[in-house]
Amino acid sequence: MSTGAAGPSGLGAPPADDPDGSPAPRAGVPARPAPAGHLADLRRLAIATLDANWEHDHTVPSRTLYPHQWSWDSAFIAIGLAHVRPDRAWRELRTLFAAQWADGRVPHIVFNPTLRVGSYFPGPEFWGSAGAEGAPAAATSGIVQPPVHAQAAWLVHRRAPSEASAQALRWLYPRLVAQQRYLTGRRDVGGAGLAAIVHPWESGLDNSPAWDAPMAAVPADAAVMRAYRRHDTAHADAAHRPTDLDYARYVAIVASYRDSRYTDQALAGWHPFLVECPLFNAALGAAEQALARIAAVVGADPGPHRDRAARITEAVVRRLYDPVTGTFHPRDLRTDRLVPARTVLGLMPLILPDLPGRQVRAVLTEACSARFGLAPRMPRPLPTHDRSAPDFEPLRYWRGPSWMNTNWLLWRGLRAHHRPDLAAGLRQSMLALVATGGCHEYFHPDTAAGLGSAAFSWTASLLLDTLAEG
Ligand code: 2M8
């Protein structure tokens, strides 16, 4: 079953205008609060989307574009499922962590073995995880995604604490700790206590302009892609997706890592892409905060988690904050320089509850500037890239469109840093976004037209969380 291109009214095609017939909010026009009946429609749409994407023991991000299990998608999905299907929320996380590698890495894709070859590119035959030491029996990718899982587990438990949820936490806790140990150990290429990502896919924001500079140094030729069949462009507009040259580089970076059997030894000496990402490392620090809370439930010591959270926050500020731009940037470890692009990644350290006041103020200034447009009354959520940048592209994937997950993270950060005024404005704009575009994967940042997959799981699940916590 597929919910197809679904707007909230009647689950049909995404409406150009509000279901009550009034015009959809346009740029510059504050979104007005949605009426209660309308919110109930939105909730129904979100649940239908998640139910349609449930696959035995996990949720696919999208039936068409992403038919396997993805790591950070599952964390976001569990957060929403906790509101409506708590058993599934725990199942989602358990299925993912059952595919954890012996070294603690949680793979970014767990492949569904029943799907035909070619249902996703690059598929299990390309990743060849079976040949790597410590890989699980299931076929997986060999890279990771932002570690938002401890926060997800904590939120799922907090929504409905019970003996069953405490038991689920007891099972997950050592696995979450192993995930952190992997990232702060083997992946600490820069030696400062932060994790390096080895592929843009590990950031989750695959073709963000943040990766243009480090990617330019990766030798590749777009013609390489003639040897492969891209699956994504068969299901989404190619003009909204990464280019063939991007993909040639993605494939080259995977091949480098895979051919070294996914070892992290001496990465600096041979791997072509090594970056400390602000979102990834903010998630790493926030995970330690969540683990401190989980530790208290499972009878472990929260103290070491708090200490590690403080050290990660300090390193994020020291390594990734630029006092000249007043925002955070990724650090390219191959050049040891900050990447100049100002993307939404730079705002993500706001999810760190102990971010110092100076950086909190700087991030809020950046977020409230015309680059991103955060305000107590705002027509649209934040785009993924600086609106004033010459390479801002409102239709292309992570180079401009609005996404629910980055906005949801920011919304959480605003609440943690006691900005209910801005959090309320952002929440309202997120609800208006999905009310206009449906549960799409991403959205035109001005018109809210739905882009990419029309029935995307984390849009649905984070919508449920946003609706519930108004
Ligand atoms: C997108 O990434 C995959 C590769 O991992 C792809 O483009 O095929 C990203 O949006 C990523 O953040 C997301 O986890 C994944 C599945 O939704 O799709």
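**Figure 1. The largest pocket of the predicted model.** About 370 Å³ of space lies in this pocket. Its lining is made up of 16 residues, and Gln151, Leu155, Arg293, Arg412 and Ala416 are those that lie nearest the centre. Three elements give two or more residues to this lining: α5 (149-159), α11 (278-298) and α14 (404-416). Of the elements, α14 gives the most, with five residues. Sorted by class, the lining of the largest pocket has eight nonpolar, three polar and five charged residues.

**Figure 2. The second largest pocket and its lining.** The volume of this pocket is about 260 Å³. One stretch of its lining consists of Trp101, Ala102, Asp103 and Arg105. Glu133, Gly134 and Arg186 also line the second largest pocket. The remaining lining residues are Arg261, Tyr262, Thr263, Asp264 and Gln265. By class, the lining divides into three nonpolar, three polar and six charged residues.

**Figure 3. The largest cavity, whose space is taken by the ligand.** The model holds two cavities of 30 Å³ or more. The largest cavity has a volume of about 210 Å³. It is lined by 19 residues, and Tyr66, Trp70, Gln145, Asp206 and Tyr397 are the closest to its centre. The lining of the largest cavity divides into 12 nonpolar, three polar and four charged residues. The space that this cavity describes is the space taken by the ligand.

**Figure 4. The shell of residues around the ligand.** There are 18 residues around the ligand, and those that come nearest are Asp73, Tyr120, Gly204, Asp206 and Tyr397. Asp206 and Tyr397 are also among the residues closest to the centre of the largest cavity. By class, the shell around the ligand comprises 12 nonpolar, three polar and three charged residues.

**Figure 5. Polar contacts of the ligand with Trp72, Gly204 and Tyr397.** In each of the pairs shown, the ligand takes part through an oxygen atom. For Gly204 the partner is a backbone N or O atom, at 2.6 Å from the ligand oxygen. Tyr397 brings a polar side-chain atom to 2.8 Å from an oxygen atom of the ligand. For Trp72, a polar side-chain atom lies 3.0 Å from a ligand oxygen. Taken alone, the ligand exposes 410 Å², and the protein buries 99% of that area.

**Figure 6. The cis peptide bond between Phe121 and Pro122.** The omega angle of this bond is about -5 degrees. Pro122 is placed in the loop between β4 (109-110) and α4 (124-127). Tyr120, which is one of the residues that come nearest to the ligand, may be included in the same view for reference.

**Figure 7. The backbone at His56.** His56 has a phi near 65 degrees, which is a positive value in a residue other than glycine. The residue lies in the loop between β1 (54-55) and β2 (58-59).

How values were computed: Residues numbered from 1 in each chain as written. Predicted model: local features only at pLDDT ≥ 70, side-chain atom pairs only at ≥ 80, totals over all residues. Heavy atoms only, no water. Near = heavy atom within 4 Å. Polar contact = N/O pair within 3.5 Å; in protein donor to acceptor, adjacent residues only side chain to side chain. Areas by Shrake-Rupley, 256 points an atom, 1.4 Å probe, with all protein chains shown as cover. 1 Å grid on protein atoms, 1.4 Å probe; cavity = no way out; pocket = protein on both sides within 12 Å on 5 of 7 lines; lining within 4 Å. Sits in = over half its atoms within 2 Å of the grid points. Nonpolar A, V, L, I, M, F, W, Y, C, P; charged D, E, K, R; others polar. Points joined across faces, edges and corners; volume = space filled by probe spheres on them. Helix = DSSP H or I, 4+ residues; strand = E, 2+ residues; numbered from the N terminus.
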